[in-house]
Amino acid sequence: MLYFAIIGGIFIVDFFIKRIVDKKLTLGEKRTYLNGKIILQKYYNRGFALDKFKKYPKLVAYGSSFVCSLLLVKFCLLLFRKGNKGLKAALAMIIGGAGSNIYDRFRKHYVIDYVRFGVKWKSLGKVVFNISDFFIIIGTLLLPIFQKKDSK
């Protein structure tokens, strides 16, 4: 099914990119591309977004797993219903991204982040992302749009 391909594709692509970054870059090392607009930087995120709660790694790991489990239940309940394609795709994006990051949390006790942007907004320029994060963000932004549309 398409939705399982989305979940698996996000997980696999991010898994291999993280693996390459972990082998090729030293922690904190930066490589710039497109005149400094894209920065490749190896960073170990031990907390939630922006390293929040990094002093509580079990809370972060189990909290992430709990939220992802709830979304997975919702996804499974929708899976065999007709329609709701946008909602299913949004949930698949979130689950695929969260699954990759949760895997890292339990296996390595941190998530490997590797992309920053050279932008005018200094607070955004400091944030280091990974592919999974992008899909979690995109899926989360699409979720209310499709949930509202599909509930009509």
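## Close-up views of charged and nonpolar spots

**View 1. A positive patch on the surface.** Arg19, Lys23, Lys24 and Arg107 together form a positive surface patch. As you look around this predicted model, start with helix α1, which gives the patch its largest share, three residues. One residue to pick out is lysine 23, found in helix α1. Is lysine 23 buried or exposed? Lysine 23 has a relative accessible area of 64%, so it counts as exposed.

**View 2. Lysine 42 meets aspartate 22.** Here a salt bridge joins lysine 42 to aspartate 22, and their closest N and O atoms are 2.9 Å apart. Which parts of the chain does this pair tie together? Lysine 42 sits in strand β2 (residues 38–45) and aspartate 22 in helix α1 (residues 2–24), so the salt bridge links parts that are 20 residues apart in sequence. Take a moment to look at how open each partner is. Lysine 42 counts as buried, at 6% relative accessibility, whereas aspartate 22 is partly exposed, with a relative accessible area of 22%.

**View 3. Aspartate 22 again, now with lysine 108.** Aspartate 22 also forms a salt bridge with lysine 108, where the closest N and O atoms are 3.7 Å apart. Lysine 108 lies in the loop between α3 (85–107) and β3 (111–117), while aspartate 22 is in helix α1, so this pair ties together parts that are 86 residues apart in sequence. Lysine 108 is partly exposed, with a relative accessible area of 25%.

**View 4. Arginine 31 and glutamate 29.** The side chains of these two residues, arginine 31 and glutamate 29, meet in a salt bridge of 3.3 Å from N to O. How exposed are the two partners? Arginine 31 is partly exposed, with a relative accessible area of 32%, and glutamate 29 is partly exposed as well, at 24%. Elsewhere, Asp14, Lys18 and Asp104 are joined into one network by salt bridges that share partners. If you are keeping a tally for the model, the count of salt bridges comes to five.

**View 5. Two buried charges without a salt bridge.** Aspartate 133 belongs to helix α5 (residues 131–150), and arginine 105 lies in helix α3. What is the nearest side chain of opposite charge to aspartate 133? That side chain is arginine 105, 6.7 Å away, and aspartate 133 is buried yet has no salt bridge. Turn to arginine 105 and you find it buried too, with no salt bridge and with aspartate 133 as its nearest side chain of opposite charge. A salt bridge needs the nitrogen and the carboxyl oxygen to be within 4 Å, so a pair at 6.7 Å does not count. Now look at what surrounds each residue, leaving aside neighbours within four places in sequence. Aspartate 133 is in contact with Asn101, Asp113 and Val128. The contacts of arginine 105 include Asn45, Arg46, Phe48, Ser64 and Tyr110.

**View 6. A nonpolar patch on the surface.** The last view shows Tyr33, Leu34 and Ile38, which make a nonpolar surface patch of about 290 Å². Where does tyrosine 33 lie? Tyrosine 33 is in strand β1 (residues 30–33). Tyrosine 33 is partly exposed, with a relative accessible area of 42%.

Definitions and conventions: Residues are numbered from 1 along each chain as its sequence is written. This is a predicted model: local features need pLDDT of at least 70, side-chain atom pairs count only at pLDDT 80 or more; totals for chains, interfaces and linings use all residues. Side-chain values use heavy atoms; hydrogens and water are left out. Helices (H or I, at least four residues) and strands (E, at least two) are DSSP runs, numbered from the N terminus. Buried means under 20% relative accessible area, exposed over 50%, partly exposed in between (1.4 Å probe, protein chains only). Lys and Arg count as positive and Asp and Glu as negative; His and the chain ends are not counted. Contact means heavy atoms within 4.5 Å. Patches are made of residues with over 30% relative accessible area and no salt bridge: like charges are joined within 9 Å, nonpolar side chains (Val, Leu, Ile, Met, Phe, Trp, Tyr) within 5 Å. Accessible areas come from the Shrake-Rupley method with a 1.4 Å probe; for residues, only the protein chains shown count as cover. The place of a charge is taken as NZ of Lys, CZ of Arg, CG of Asp or CD of Glu.
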